[in-house]
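Let's take a walk through this model together. Have the viewer open and follow along as we go.

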Amino acid sequence: MSTTTVATRVRDRARSRPRGIAMREKDFGVWQEVTWAEYWENIQLVGHGLLALGLDVGDRVAIHSENRREWLYADLATAAIRATTMGLYPTNPAAEVAYLLAHSGSKILIAEDQEQVDKVLEVIEQLPDLERIIYLEPRGIRRRYEDPKLLYWDDFLAIGARHREEFPGAVEGRMAKARPDDVMTLIYTSGTTGPPKGAMLSVDNVEFAIEALVSGGGFTSPPPHDRDLLLSYLPLCHVAERIFSTWFNAAVGVQVNFAESVDTVVVNLAEVQPTILFGVPRIWEKILAGVNIRTASASPLKRISARLWLRVADWIGSRLVRSGGRHTVGTRLGYAVGWVFLYRSLRDRIGVRKVRYAASGAAPIAPEVLKFFMGIGVPMHEVYGMTENSAVATANRPGRVKLGTVGEPHPGAELRIDPETGEILTRHRGVFVGYWRDEAATRIAKEPDGWLHTGDVGEWVDGTHVKVTDRMKDIIITTGGKNISPSEIENALKTSPYIKEAVVVGERRKFLGALISIELDTVGDWAQRRKIPYTTYRDLAERPEVRDLVREVVQRVNDRFATIEQIKDFRMLPKELDHEDGELTATQKVKRAALADRFGDLVESIYAPKGADAEVSR
Amino acid sequence: MTTTPARRPRQLSGRPRFYTSYAQQLRMFNTRPKRVSVGVLMALAVLVPFYVNDEVLQLLAVGFVASIGAIGLNIVTGYAGQISLGHAFFLAIGAYTAAALSGDPDERTIGFGITNLLVWLPAAGLVAALFGVLVAPLATRLRGLYLAIVTLGLVFLGEHIFKEWSSLTGGPGVGRPAAVPELFGYRFDEGGELLTRDQQLYLLMLVLLAIFAVLAFNLVRSKVGRAFSAVRDRDIAAEIMGVSLRKYKTLAFAVSSFYAGCAGALLYTVAGFFDPTSFNLLMSVQYIAMVLIGGAGTISGSIMGAMFITLVPRLTRELPAYVPFIAAEPTGVPNVFQVETVLYGLLIIGFLIFEPRGLYGIWVRLRNYWKSWPFSY
């Protein structure tokens, strides 16, 4: 019996439903549709092309592109010929591109456009393994760049077509020999501390994840089907988007719609009205901030109505939180009336009108944000997983939601919490093969008996749900010897639409401090309405009025925490944190070490004997 | 290379902005609310004659015909951007062509006795269109104000000819019978067993308006319509894009005068009689007012504007009952006719200043208010 892979799944679907829609991409203002037959056809062409370029079993193909059709063609074709896909974040700067390509030893790079090609050409001397650079967008490259390694996508497909004529069935032949332990993909972790590590996921890992998350309803419940629509907008090189865009699509035929770009997500959401929506906390926070700002600046009648019904939504949300997501007669009634006045139109405007299952994951999120979405009728679930366990760990199930927890372990997945360290450990078929070319790190992460160290500290809630406290290495121990989880405080701060990023500091200090970066859009809007002039981000951040605004937020958050966990003082970051400058990872997570390094003097000034700034908690 | 046949993209339900092909974007009724509301409106319009008295029906029927004329003017002025003050001239051409074709050969005015509506209506349109094509070269040479003045000249020319050519028009103060609305032996202007004369005429005009409106709508959302808009927005840019100014300006005038001709032919079938002095500057101004008040560059706006302008005189007739110093008879000062004329002027000024996009613009703003709920943008 041949092994089922994502590639065979697509092939089978292309045979049973050739005219069904596999994916759409907006091009020239219209969502161009790709049927399953076309999808499979393209996979074959790319697969033959890769074979023609001499790609062998286990060779690495790197993809450096925004989400688009060709990403999936290349990913699936690579899986079909038993090679390994490795994705790069479109925002990765040249230095990181060099590291990732060199470390993975990629033979072929599929680069989206001139921007990405330029990055790799800059560091090409460090990449002896790289044989070909296939570019998707010819603009600025074709007939301008001389490098013999460059190959245009259309020419590459022509090579594939020729190869197919010569060796028909070569791709299918390679597919039939697939084995469960083939390494299908390398997913590099974002690397908040050190250089990124490449987690190897095998065909079997992925098949297990599909069973648990797709058929088992782990991430979408009831399970997804081919009438579901998705918007693909998070980087495909991350395990989360890969599950939703690639594996959901291959496994059950969920229709994938590619957003035009990260900036148009809000518009595209409203157009597509997906039925399944996965978001990282940043996205949910941004939507919430958008709702707050736009209702505040609406005309009087709209504003009054929105304020009233959002308050009702808040009440509905609180009731749902208490009941685990199950409606009561009262909430149903309140929602039905509010639906007419606000919820229907609001959900339509923000693009979640048809969402039947929403999930937040990949980073901790403040419960208030989730409550808001539950209140306006979006079934919101916090889920938990990581690259190393193929994202199979826990999820909140509809009707059994516990806010503040990441839910219950999936059936078929073992999960335990180390009684001594409090670390969460998981064991199942989805636990990764190991880190690519990093035996030492693999040994630390994976016990010989299969248990995976997640690096997250957690606890059981009511014996069924898991609560993740923080990353193990982020826990702050104050001089008082107290263990404090900074992410909880940071997320509470980030609930405010005015705060984009908050970093709590205080390791081996007497009290906690925070570095705060404001959200330029909302604070700018706020300043404009109050006629506060400003020029740059830094100028705005350091305005006394803005400091007062942030101080208010901090004080409100402090009220909810114990004295030891309160922020005694804070500083405004003078710049927006950025991936290019090495302050954030590609997934927009703060690199604490880099931050402590760069803004050390700011941190020191918090703990200076005589703070010039007034204390917050007075 | 794929073996499966091409599949026609379909739009997913409940996602009005999720276009998977350009055809969906250009659809006449792209949302269900639009389909439903137009359906309801049509149903109401069909039911109206059974609940409203004949006097109002006449007025509405004239309004429908005026709508056809206004759509015509809107095509050349609103869509193609060529200001024409000569609309009354084209209406006159249509009116006399139709009247002459369908007129009684034994009467004192010219008549050929071809009463079939299917003959005289297109003929009226075509003859008017022919004149439109003759005028069009002016438009390719002149722009803006100059074109307006030249087309104004047409009105005076026409007025003079029609006054003098009494064998066709019957002469000023006398006039001649209008075209006979007959279709395969059925006379719409004679009361039948089921319906009265005015009910029949109302329904006839309603059907004709629907046909003309749909045709115009299809024209303006086609390549031709987009070319018109390009010419209107910036003629030089349009020409550089490959839009032939001469071709599309001629086409705009031809289509516009075709509509005007048809409207002119039908305009007096309700009253039954008309006078050559009616086709004066005031009539041109009225049509300009319909376009501006309704909304330049919209089909539904043309209809709104035409209905509005047609109904205004009826409303001013009621004024003396409420405003004592306005006289109902033409000898008093100020009388309702003066008020009416002043009102046209005021309405045009008011709309241009406060609502340049016309009644349609008001509708759009109203719609957008609810469409953007609960936000303001």
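What follows goes from the overall layout to the cores, then to the strands and finally to some individual residues.

Keep in mind from the start that this is a predicted model. Begin with chain A, where the domain assignment gives three pieces: domain 1 covers 6–179, domain 2 covers 272–470 and domain 3 covers 475–606. If you want a feel for the spacing, the C-alpha centres of domain 1 and domain 3 of chain A are 41 Å apart.

Now bring in the other chain. Where chain A and chain B meet, 27 residues of chain A are in contact with 17 residues of chain B. Look at the chain B side of that meeting place and sort it by class: you get eight nonpolar, six polar and three charged residues.

Next, the interior. The largest nonpolar core holds 183 residues, and the ones with the most contacts inside it are A:Ile43, A:Leu76, A:Ala209, A:Ile243, A:Trp247 and A:Val550. Which helix gives the most to this core? That's helix α2 of chain A, residues 36–52, which supplies nine residues. Another core lies apart from this one; it has 98 residues, including B:Leu57, B:Ala124, B:Ala128 and B:Val255.

It's worth zooming in on A:Ala209. Leaving out residues up to four places away in sequence, A:Ala209 touches A:Ile243 and A:Trp247, and also A:Ser390, A:Ala391, A:Val392 and A:Gly430. A:Ile243 and A:Trp247 are themselves on the list of residues with the most contacts inside the largest core.

On to the strands. Strand β9 of chain A, residues 198–202, is mostly covered, with four of its five residues buried. Follow β9 to its partners. Strand β8 (residues 183–188) of chain A pairs with β9 in the antiparallel sense over five bridges, and there you can find A:Thr185 opposite A:Leu201. Strand β19 of chain A, residues 434–435, also runs antiparallel to β9 and is joined to it by two bridges. In that pairing, A:Ala199 stands opposite A:Tyr435.

Further along chain A there's an open sheet of four strands, ordered β17-β18-β20-β21, with antiparallel pairing. Which strands stand at the edges? They are β17 (414–417) and β21 (465–471), and each has a single partner strand, so one side of each has no neighbour in the sheet. From one strand to the next, the twist averages 50°. Look at the β20 and β21 pair in particular: β20 takes in residues 452–461, and the two strands run antiparallel over six bridges. A:Asp456 is the residue that stands opposite A:Arg471 in β21 of chain A.

Loops deserve a visit too, and the one between β6 and β7 of chain A gives us a nice contrast. A:Leu136 sits in this loop, which connects β6 (132–135) to β7 (150–152). Is A:Leu136 buried or exposed? A:Leu136 counts as buried, because 24 C-beta neighbours fall inside 10 Å, and the cut-off for buried is 20 or more. Beyond residues up to four places away in sequence, A:Leu136 touches A:Ser65, A:Glu70, A:Glu112, A:Asp113 and A:Trp153. As for a longer span, A:Leu136 and A:Ser16 are 120 residues apart along the chain, with 30 Å between their C-alpha atoms.

A:Arg143 is also in the loop between β6 and β7 of chain A. A:Arg143 counts as exposed because it has 7 C-beta neighbours inside 10 Å, where exposed means 12 or fewer. Its backbone is worth a check as well: A:Arg143 has a positive phi of about 60° although it is not a glycine.

A:Ala362 is another non-glycine residue with a positive phi, here about 80°. You'll find A:Ala362 in the loop between β13 (357–360) and α14 (367–375) of chain A. A:Ala362 is buried, since 26 other C-beta atoms lie within 10 Å.

Last stop: the cis peptide bonds. One joins A:Ser221 and A:Pro222, with omega of about -5°, and A:Pro222 belongs to the loop between α8 (203–215) and β10 (229–232) of chain A. In chain B, a cis peptide bond joins B:Trp373 and B:Pro374, with omega of about 5°. B:Pro374 is in the segment after α16 (358–371) of chain B.

Definitions and conventions. Residues numbered from 1 in each chain as written. Chains lettered and ligands numbered in written order. Predicted model: local features only at pLDDT ≥ 70, side-chain atom pairs only at ≥ 80, totals over all residues. Contact = placed C-beta atoms within 7 Å. Core = buried A, V, L, I, M, F, W, Y, C linked by C-beta atoms within 7 Å. Domains from an automatic or database assignment. Nonpolar A, V, L, I, M, F, W, Y, C, P; charged D, E, K, R; others polar. Pairing = 2+ DSSP bridges. Axes fitted to C-alpha atoms, helices over the stretch in contact; angles between N-to-C directions.
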